[in-house]
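Student: I have a model open at the bench and would like a close look at one part of it. Could you take me through the salt bridges, please?

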Amino acid sequence: MLRKILAISLMSVTTIAAADTMDIGLGNHAAEFKYGVPTTLAGKSEVYADLLYNDVNSVMGGVGLLVANDEVKVPGLTIGIGAKAVAATIRETPSRQNTSAVALGAQVRYELPAERRLAFAGEFYYGPQIITFGDAKQFQQYGARAEFSVSPQVQVYAGYRKTVFTVKATNADAVLVSGVLAGVQFTF
């Protein structure tokens with residue numbers, strides 16, 4: 001009996017952890033880390049936490065939900081909408097700025113049907129003034145990337161990402177990351 005309970009417990013833990021993802025993206029001036037856990041809301045939905053750090057010691061952390069599903073009429077196309085809450089300490093401005101925002105966004109990903117190992121993805125998140133707090137008045141994050149599956153558990157990618165808060169005091173953009181990122185995503 002104990003063996004059956006242990007076997008069922010191990011199988012359920014393995015099933016739960018099978019689709020977790022860890023993403024590490026690096027650029028010349030920034031590093032991003034993301035950990036995602038699947039949800040049961042729709043086909044490829046996930047809850048995630050992420051952390052961004054740049055070379056001027058600005059830090060941004062966040063949590064989010066992306067509800068995504070495959071488009072039946074277009075094989076390989078996945079469309080998702082989501083929300084994320086972010087908080088940041090921005091140090092590149094004359095004085096340290098503490099900001100936070102709730103952003104709504106969308107993600108589109110297309111795997112080439114003939115070659116399922118190659119995909120292209122893009123995302124956009126926006127937090128207007130009404131849901132941006134602290135020393136900022138708006139938040140934007142967008143990017144695009146090309147992905148290649150080395151194996152079912154490992155994807156490498158390269159692309160562009162920009163993350164920016166508009167600071168209230170100066171009405172200037174405080175850019176946390178803007179440029180090319182390369183990275184790897186592990187699925188386990």
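Tutor: Happy to. Start with R145 and E147, whose side chains meet in a salt bridge at 2.9 Å, N to O. Do keep in mind as you look that this is a predicted model. E147 is buried, with a relative accessible area of 5%, whereas R145 comes out at 23% and counts as partly exposed, because the cut-off for buried is under 20%. This pair belongs to a network: salt bridges that share partners join R145 and E147 with D23, R109 and E111.

Now find R109 and E111 within that network. These two form a salt bridge of their own, with the closest N and O atoms 2.8 Å apart. R109 is buried at a relative accessible area of 16%, and E111 is buried as well, also at 16%.

For another example, turn to D70 and K44, whose side chains form a salt bridge at 3.2 Å, N to O. D70 sits in strand β4 (residues 59-70) and K44 in the loop between β2 (30-38) and β3 (46-54), so this pair ties together parts that are 26 residues apart in sequence. D70 is partly exposed, with a relative accessible area of 41%, and K44 is partly exposed at 41% too.

To place these pairs in the whole, the structure holds nine salt bridges. The protein has one helix and 11 strands, with the helix coming before the strands as you go from the N terminus. Of its 188 residues, 36% count as buried.

Terms used:
Residues are numbered from 1 along each chain as its sequence is written. This is a predicted model: local features need pLDDT of at least 70, side-chain atom pairs count only at pLDDT 80 or more; totals for chains, interfaces and linings use all residues. Side-chain values use heavy atoms; hydrogens and water are left out. Helices (H or I, at least four residues) and strands (E, at least two) are DSSP runs, numbered from the N terminus. Buried means under 20% relative accessible area, exposed over 50%, partly exposed in between (1.4 Å probe, protein chains only). A salt bridge is a side-chain nitrogen of Lys or Arg within 4 Å of a carboxyl oxygen of Asp or Glu.
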